[in-house]
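User: I should like to learn how to read the features of a structural model. Please take me through them one at a time.

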Amino acid sequence: MLQPSVNPRLRIRNLQSPLAGPFSFDLEAGQCLTISGPSGAGKSLLLRMLCDLDPNTGEALLDGQPRAGMSAPAWRAAVVYQPAEAAWWLPTAGQHFKPEQMERVRELLPQLNLSPALLESDIGRLSTGERQRMALIRSLACKPQVLLLDEPTAALDPAAVAATERLLKKELAAGLSIVLVTHSESQAQTLGHHAMTMRDRRLVENGAAQ
Ligand SMILES: Nc1ncnc2c1ncn2[C@@H]1O[C@H](COP(=O)(O)OP(=O)(O)OP(=O)(O)O)[C@@H](O)[C@H]1O
């Protein structure tokens, strides 16, 4: 387990389901935990448990507040999950944002090398990489306290990867906590404060004996 913190943003204790875990770790405000590991090891299962999408037992606390005492929508508004392929349910990207989010969205678009015109395009006409960056904007526009990212740069070219990493660094510096699933060692080094590996649906600290 990562070194326990005094006042962690996110505290996870014995979180488990019949499919994965138990998982225990602390994550502080402004810090990034990177998780790597082979395909099928259980990385997405962990993220889904963290945002309470899949049934699980154990303890999860946000700034000391137990998840058990919060409604599921309140938890998921603070602990936002961005899957590897985000779902879109309206014709254009722009329609997925609330009017009060638009100022932030317009601020974020150029930081990810995206044209504002893409907000009005049919979502199916955006490239995979454009959709992936738009999904990150959607996640950040919710102003989460913890962001759970599943391979957020998998579909991106090097320039877009660099822009995404720059933005995530800025968000970390502003206090956002991130759990980042990535297969990129350089990304883990660039963004991560702690690095763990998922093996057979259990987390092990990098460098720990097997
Ligand atoms: N609801 C489910 N019921 C049974 N098995 C499941 C369920 N969801 C996922 N699995 C299995 O659990 C294992 C871990 O899945 P998971 O999606 O967490 O892998 P991953 O580490 O994220 O892999 P990748 O890097 O390929 O995304 C896989 O073998 C998957 O088939």
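User: Which residue of β4 stands opposite Ile-12?

Analyst: The general idea is to look across from one strand to its partner. In this predicted model, Ile-12 faces Ala-60 in β4. The strands concerned are β1 (residues 10-16) and β4 (residues 57-62), which run antiparallel and are joined by 5 bridges.

User: What is the order of the strands in the open sheet?

Analyst: One reads a sheet from one edge strand to the other. Here the 4 strands follow the order β2-β1-β4-β5, and their pairing is antiparallel. Because β2 (23-27) and β5 (65-66) stand at the edges with a single partner strand each, one side of each has no neighbour in the sheet.

User: At what angle do helix α3 and helix α4 pack?

Analyst: A helix pair is described by its angle and the distance between axes. Helix α3 (residues 102-111) packs against helix α4 (residues 128-141) at about 140°, and their axes are 10 Å apart. That angle is why α3 counts as oblique to α4. Their crossing is right-handed. Arg-104, Val-105, Leu-108 and Leu-109 of α3 make the contact with Ile-137, Leu-140 and Ala-141 of α4. By class, this contact has 6 nonpolar residues, 1 charged residue and no polar ones.

User: Which residues surround the ligand?

Analyst: For a ligand, one lists the shell and then sorts it by class. The surrounding residues are Leu-19, Gly-37, Ser-39, Gly-40, Ala-41, Gly-42, Lys-43, Ser-44, Leu-45 and Met-198. Of the shell, 5 residues are polar, 4 nonpolar and 1 charged. Helix α1 (residues 43-50) gives the most to this shell, with 3 residues.

Terms used: Residues numbered from 1 in each chain as written. Predicted model: local features only at pLDDT ≥ 70, side-chain atom pairs only at ≥ 80, totals over all residues. Near = placed C-beta within 6 Å. Helix = DSSP H or I, 4+ residues; strand = E, 2+ residues; numbered from the N terminus. Nonpolar A, V, L, I, M, F, W, Y, C, P; charged D, E, K, R; others polar. Pairing = 2+ DSSP bridges. Axes fitted to C-alpha atoms, helices over the stretch in contact; angles between N-to-C directions. Parallel < 35°, antiparallel > 145°, perpendicular 65-115°, else oblique. Left-handed = near helix turned anticlockwise from the far one by under 90°. Contact = placed C-beta atoms within 7 Å.
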